[in-house]
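I opened the model today to look up its charge pairs, its core and a few single residues. My notes follow in the order I took them.

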Amino acid sequence: MNESVIYLPEVDSTNLWAKHNLDKFGPIGAVYTTHQTAGRGRLGRSWLDAPHKGLYYTAVIRTDLVQPATLPLFASLAVCDALRERYRIDCQIKWPNDLLLNGKKIVGILTEGVADLETQLIKHVIVGTGINYLTDPSEFPEEIRQRAGSIRRYTLDSGVSRNAFIANYLNEFFSLYKNYKAASFMDEYRAHSNTIGKDVTINRSGQTSEGHVATIDNQGRLVLSSGETLSSGEVTKIRSTD
């Protein structure tokens, strides 16, 4: 594959930059920075940036996707594998794609489609990832301190550079992508899930509901024990059934 990787010292948002510079990438590629001034998370949320303490990157896919709905799950698994490989961090994944360490969120992922101006059909897909990389947990605002985490202790102890981690992540991403169409990664994704087998509260467009998660199917949908399947939404609470 023609893989293009671009580093920017500072940018408003790697997702926005990728959207405006698609011609700089081959079929797949990436752009990354350590200082993002206007980052966004899922559901329109902002992403707190501690200059040069975070790690922000966007993978760009300009090839056809057979199953685009599972791409956010696939991306979270690639980050999970890279963190384990480089820093020996074992993360859990909260459906669909938040990475948790000791119950706190350390990685957020935002997947966006870029439509063709004439047909309005999704032509390219970009996957933005933000990692609380060197942030001291005491630096988080009080309102998110109980749910936000950092991998600072692991990165400082390891001696592994951000560039080395990015290289490892992209290798994982591109390697998984070669088998993406077969959804061969879903068994591994389910093995890292902290959502399967739990009672959860789910927010969908401002409406909340509760249910027990039986599994996550190969299309990336949350399957409840009631038989209902959810393709979108946010798990806001997870309760152990022990």
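**K53 and E139.** I started with the salt bridge between K53 and E139, whose closest N and O atoms lie 2.6 Å apart. The model is predicted, so I treat each distance here as computed. The two partners come from distant parts of the chain, 86 residues apart. K53 sits in the loop between β2 (28–33) and β3 (55–61). E139 sits in the loop between β7 (122–131) and α3 (152–158). I then checked exposure. K53 has 27% relative accessibility, so it counts as partly exposed. E139 is at 39%, so it is partly exposed as well.

**G54, beside K53.** G54 lies in the loop between β2 and β3. Is G54 buried or exposed? It is buried, because its relative accessibility is 1% and the cut-off for buried is under 20%. I listed its contacts, leaving aside neighbours within four places in sequence: T33, T34, I131, Y133 and R162. For T33 I also took the C-alpha distance to G54, which is 8.5 Å across a sequence gap of 21 residues.

**Other salt bridges.** My search of the whole structure gave eleven salt bridges. Side chains of opposite charge can pair when their charged atoms come close. I noted two further pairs and a network.

- R239 and E210 meet through their side chains at 4.0 Å, N to O. R239 is in strand β12 (residues 234–239) and E210 in strand β9 (residues 207–216), 29 residues apart. R239 is partly exposed, with a relative accessible area of 31%. E210 counts as exposed at 61%.
- D217 pairs with R221, and their closest N and O atoms are 2.7 Å apart. D217 counts as buried at 13% relative accessibility. R221 is partly exposed, with a relative accessible area of 30%.
- D81, R84 and E188 are linked in a salt-bridge network.

**The nonpolar core.** Next I looked for the largest nonpolar core. It has 54 residues. Which residues have the most contacts inside it? They are L83 and Y169. Helix α2 (residues 71–87) gives the most to this core, with eleven residues. I followed L83 outward, not counting residues up to four places away in sequence. It touches R88, I89, C91, L99, I106, V107, I151 and F165. Apart from the largest core lies another, of eleven residues, with V11, V31, V114 and I126 among them.

**Helix α2.** I gave this helix its own entry. α2 has 17 residues and spans 24 Å from its first C-alpha to its last. That is close to the 24 Å expected at 1.5 Å a residue. How many of its residues are buried? The count is 14 of the 17, so α2 is largely enclosed by the rest of the structure. Just after α2, R88 takes a positive phi of about 55°. R88 is also one of the residues that L83 touches.

**Y189.** This tyrosine is in helix α5 (residues 186–192). Its relative accessibility is 0%, so it counts as buried. Leaving aside neighbours within four places in sequence, I found Y189 in contact with L73, S76, L77, I93, W95, P96 and I216. I checked I216 separately. Y189 and I216 are 27 residues apart in sequence and 9.0 Å apart in space, C-alpha to C-alpha.

**E112.** E112 is a residue of strand β6 (residues 104–115). I asked what its side chain contacts. It makes a polar contact with the side chain of N15, at 2.7 Å. E112 counts as buried, because its relative accessibility is 14%.

**Whole chain.** I closed with the totals. The secondary structure comes to five helices and twelve strands. Of the 242 residues, 50% count as buried. I took the contacts between residues at least 6 apart in sequence; 64% of them join residues at least 24 apart. The chain exposes about 11,700 Å², and carbon and sulfur atoms supply 46% of that area.

Note on methods: Residues numbered from 1 in each chain as written. Predicted model: local features only at pLDDT ≥ 70, side-chain atom pairs only at ≥ 80, totals over all residues. Heavy atoms only, no water. Core = buried A, V, L, I, M, F, W, Y, C linked by side-chain atoms within 4.5 Å. Buried < 20%, exposed > 50% of the residue type's maximum accessible area, 1.4 Å probe, protein only. Helix = DSSP H or I, 4+ residues; strand = E, 2+ residues; numbered from the N terminus. Contact = heavy atoms within 4.5 Å. Expected span 1.5 Å × (residues − 1). Areas by Shrake-Rupley, 256 points an atom, 1.4 Å probe, with all protein chains shown as cover. Polar contact = N/O pair within 3.5 Å; in protein donor to acceptor, adjacent residues only side chain to side chain.
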